[in-house]
Amino acid sequence: MPSQSYPQLNNKPVAKKVRDIYKERINQFINEGPYKLFNLPAVLDDARVCDEEHVRLEVYSVPDLQRPHFKDAIKGTFRPTRKGESFGPSWSTHWFRIHVRIPKKDVWLNNKQLEFHWENHNEGLVYNTDGLPLQGLTGDDERPLWPIPNEWKDGEWHVFYIEASCNGMFGNGDRDQIQPPDPNRWFPLSNADLVAPCHDARALYLDFGIIADAARQLDQDSWESNVALKVCNDVMNVFDPDDKSTLKKCRAITKSYLGEAIDSPDVYESGQKTFVYAIGHCHIADTAWLWPYAETRRKTARSWASQIALIRQFPEHRFACSQAQQYKWLKDEYPGLFEEIKKEVKNGRFNFIGGSWVENDTNMPSGEALVRQMLLGQRFFESNFGERSVTYWLPDTFGYSPQVPQICRGAEMSRFLTQKLSWNNINNFPNSTFNWVALDGSQVLCHMPPADTYTSRVEFSEVSNSLRNHKNLEQDQTSLLVFGIGDGGGGPTAPMLEKLRRYRGLSDTVGLLPRVKMGHTADEYFDLLEKSTTNGEDLVTWVGELYFELHRGTYTTQSDIKKGNRRTEILLHDIEYLSTLATMYNSRFKYPTERIDDLWEIVLLNQFHDVLPGSAIEMVYDDAKELYAEVAEKGAQLVREAAEALGLSEEPTTSSELVAVSTLPWPRQEILALPRSALADDKGLSQVTVDNTQNQYVVMESTGSGLLKPVQGVQATAETSATVTESMSENMSVYVLENKKLRVTIKEGVITSLWDKDEDREVLVEGGKANQFVIFDDKPLYFQAWDTEVYSLDKRRYLSGAKVRIGETGPLRASVIIELKISDNSWLKSTISVDACITSASSAKVAEPITTLSYVDITTEVEWRENHKFLKVEFPVDVHSDVASYETQFGLVKRPTHFNTSWDVAKFEVCCHKWADLSEATYGVTIMNDSKYGFATHGNVQRLSLLRSPKAPDGHADMGHHFIKYAILPHKGSINSEIVRASYNYNYPVRTYFAPKKAIPSTDDILSSITVEGNTNIILSNVKRGEDDEDTSRGHLAVKAGKSIYLRVYDSIGGKTKAIISTTLPVKKVAWSNLLEDEKGEIKFETVKIDKKTVTKIPISLRAFEVSTVKIQLA
């Protein structure tokens, strides 16, 4: 039946809205512009004052770029200041003492929440008069206000402090945020106001912004988008800036679209299916980057104080934060704030996550360093919060080692979150939620937020993309939205949390936008994910490394930092090994747990993902180099103390004899250059270089596995000697280095032939030139320190014009020196040498033969003063294979040598550790190095990356003097354990001491007290004491009875392997352990007598590339 009220006549024509015009109109309502006074910005505040009757400012400008804490700063001399004054220079600190008095007017007294607005265009931290940090302030409207306590409406003067640091959120970069910092930036104080906000207007501002985004971004043909546009225009038509009662009418209109519950956390309780779980996050994952470590300590306090305040304002807010190092800084320097955090951790609203010491790089740290990231991180969390993390959190790291899943599982973490692969610049990574599988088959459940950010500003598009961009919707239809101001810190803001409420209201009321929910932690999200995917069984898998197709230059940038990392990792290995043995055999020696922990914390800190990769500012590297120097100095002292406890001395006596200590568990032979005073006349050979420098060499050889002694009466025969000759051919000098196994021919400064005598074959490809230095143009698209692009391979220059001369003539070491001019400002000197092949005198006496491999050793000295150039060295070899092998943590990874697909092309520059190898089934060539990580194998050309010269963010990166060591190691067969051991020997030098002659046999026994017998693919990589033994515990966790030793073992080549750990230590019990030193199952062992010694035999079996930990409980 037609309605009786439908009119017959129409005298009021209604036009169809011109969508584009009305859509453009809505921008006026909330934006600053010519119509500001007629739109919403005109009424956001009810009142604002900054006169001296209500706001008085004083400042103490701290001298000499110091960063004093509150108790010291408030003793400084404060002077009056005012809005309009500027403060600087860069990195300086200014403490403001602020006096406020609230006006006695209803507009102030009746306001439910007054605010203090501050804009100094830098970063600040609000303190109360007791020194408790209350909230951070971030310039340029990022976090511009602090809510004033309601108790301050009493008409009295009240005081608080703001510590202002003269850097922006992204440091002090000039022109561009990743340029080197400007040392003379000044920051104006443009706002210091008391504000009575109009809360209805603020709420309408947020409502309108969300609905306007819906009108612009939802499907333009949908009713939802068209209704959103109508709602916006209806609001604008109702709003009257002169009548604030219209604000409530406007909000009634917006709630018709967003729902009635958007002003409270009840909005999340509609009971409808959730697709997006929002997690607050503060990416101070940049523990140093465009600012130094010292500033990060303050960023941590600023950011986390802000989140404590927000958690208490928004009950649904859950905040996730990683990195034990930052928690420790906070505990040490802001104890009051740390206690507040502990309260909220207990309440389940402040969520520690990640398990590691810092958000570390995973490409370059050693396997043991990755373990220690977890061990120290998890122990800190457990000792301070009573629990461990179950999720590894690395949103911003530049690629992920194939052994990360296995190490995670060993540290009791089965979940992994990252996001960085969405930055790939060649291929689009195909998964969002999947099982990531390590080399040994271990897996973690991995989630990469489809919003493609770990610092979401909670934009409409980010919520939408959280489902739209999800690549595994057939298995699961949920995702995490990780939101909060990042990089420089800060985390979520109140407007972000308000927006999320409105997004949920819109989804429940209108639809189309994925339904978002607050109130779950990241761990709870993973719990739901496991449940919905049958414990992950429904998910797709990705096996092996998560190679990041960007930032490939980080394997090379900041050469000194890479070298510092490798050196200190090895130093800590030696400290722990020698100290462990010292505690077994010297009752007066106490294991230096705390001092070792302190050094590990430094090394792990410098493995942060913008420090070790080389992508930070120069200030950071000044600090990092000082820290490495501290580790070197203190570490040397710890080694000295352990050696002395073992009866070893650095100074000779009349009753002592020269020995060398190897911290590797296999016999070895080394030719060492030593001062003449260290040697008896019959134990060394003197060599004179062509420039009359006299070097004293000695052949040292294992008598067991750990102690090396000089080989008596060494005679280098014509067959075994290292020699060098010079001759003329075609009017050019030809130099030939030779030993029993290799013959090296050098012409015009490059190796033109490398002949393997044992295999009777040429190692180099015909016409090939090895140790050929190449300069590539290196101008990436944007990220200078981070990136090297594939097109850099198209423009190269081979260095030529070498000056060549003989260095040493043998008989133990022969060498040729090559000098090359790189440019007017840069040069290099490369010394190519071979050592004599001395027949082992003790092979019959040791458990296994000493390796007989021989290699060409190369030391290159470089004065480097280039601009956007990349120095590499090439080795074209006569080996054909479609894959090359590269050492990674606890194993190796194989990568293509061809460019068949775009995925292959993307790996034009890759990461390796101590070696890279190109092998056929019958023969191969390994390139070893002592401090490099960048490598490429293109066809049959192996190329080691040496030095880069980016100019941002460090304008002097790698400028200066460098010493680089690498070696060419030809070998029979494919990659094998001999190569692995040779690379360990190359990186772990023996240490020379003097020992009493009578004590040498017992010292040898001590240093040979733990060995591995059987399959040599198993590597005993680390030996340490238990963290919580009676004599090592620091009291952080429960003490365990007795003494224990932990052995890290792994399969290095890739096959199920059995071996026997043999020890002369008194054994009570043996067990498998996880990486956190929890027992995981007993191991049966047997005790036998060998040469009147009691020896314990511990059988072990490992999967391919498995890393395991064996706990030996001592009797």
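# Figure legends: close-up views of a predicted model

**Figure 1. Residues 549–628 are 64% helix and 0% strand.** The end C-alpha atoms of this segment are 30 Å apart. The structure is a predicted model. An unreviewed UniProt entry places the feature "domain: Glycoside hydrolase family 38 central" at residues 549–628.

**Figure 2. The whole chain, shown for orientation, contains 21 helices and 57 strands.** Its radius of gyration is 34 Å, close to the 32 Å that the globule rule gives for 1115 residues, so the chain is as compact as a globular protein of that length. The C-alpha trace spans about 115 × 65 × 65 Å along its principal axes. Of the 1115 residues, 62% are buried. Among contacts in the chain with a separation of 6 or more, 75% are made by residues 24 or more positions apart. The accessible surface comes to about 42100 Å², and carbon and sulfur atoms contribute 49% of that surface. The chain carries 128 positive and 152 negative charges, and the mean positions of these two sets are 2 Å apart.

**Figure 3. A cis peptide bond joins Gly-88 to Pro-89.** The omega angle of this bond is near 0°. Pro-89 is placed in the loop that runs between strand E4 (86–87) and strand E5 (93–100). For context, most peptide bonds are trans.

**Figure 4. A cis peptide bond also joins Ala-952 to Pro-953.** Here omega is near 5°. Pro-953 belongs to the loop between strand E46 (941–948) and strand E47 (960–972).

**Figure 5. Asp-64 and Leu-65 lie in the loop between strand E2 and helix H3.** Strand E2 covers residues 55–61, and helix H3 covers residues 70–73. Leu-65 has a positive phi of about 55°, although it is not a glycine. Most residues other than glycine have a negative phi. With a relative accessible area of 42%, Leu-65 is partly exposed. Asp-64, in contrast, counts as exposed at 67% relative accessibility, the cut-off for that class being over 50%. The C-alpha atoms of Asp-64 and Trp-91 are separated by 9.7 Å, with their positions 27 residues apart along the chain counted as the sequence separation.

**Figure 6. Asp-140 has a positive phi without being a glycine.** The phi angle is about 60°. Asp-140 is situated in the loop between strand E8 (133–138) and strand E9 (145–147). At 52% relative accessibility, Asp-140 counts as exposed.

**Figure 7. Ser-1062 is a buried residue within strand E52.** Strand E52 comprises residues 1057–1063. The relative accessible area of Ser-1062 is 7%, and a residue counts as buried when this value is under 20%. Leaving aside residues up to four places away in sequence, Ser-1062 touches Ser-1009, Ile-1010, Thr-1011 and Glu-1013, together with Val-1095, Thr-1096 and Lys-1097. Ser-1062 and Glu-1013 are 49 residues apart along the chain, yet their C-alpha atoms are separated by 7.0 Å.

Notes
Residues are numbered from 1 along each chain as its sequence is written. This is a predicted model: local features need pLDDT of at least 70, side-chain atom pairs count only at pLDDT 80 or more; totals for chains, interfaces and linings use all residues. Side-chain values use heavy atoms; hydrogens and water are left out. UniProt positions are given in the numbering used here, feature names are shortened, and annotations may be inferred rather than shown by experiment. Helices (H or I, at least four residues) and strands (E, at least two) are DSSP runs, numbered from the N terminus. The radius of gyration is taken over C-alpha atoms; the globule rule is 2.2 Å times the number of residues to the power 0.38. Buried means under 20% relative accessible area, exposed over 50%, partly exposed in between (1.4 Å probe, protein chains only). Contact means heavy atoms within 4.5 Å. Accessible areas come from the Shrake-Rupley method with a 1.4 Å probe; for residues, only the protein chains shown count as cover. Lys and Arg count as positive and Asp and Glu as negative; His and the chain ends are not counted. The place of a charge is taken as NZ of Lys, CZ of Arg, CG of Asp or CD of Glu.
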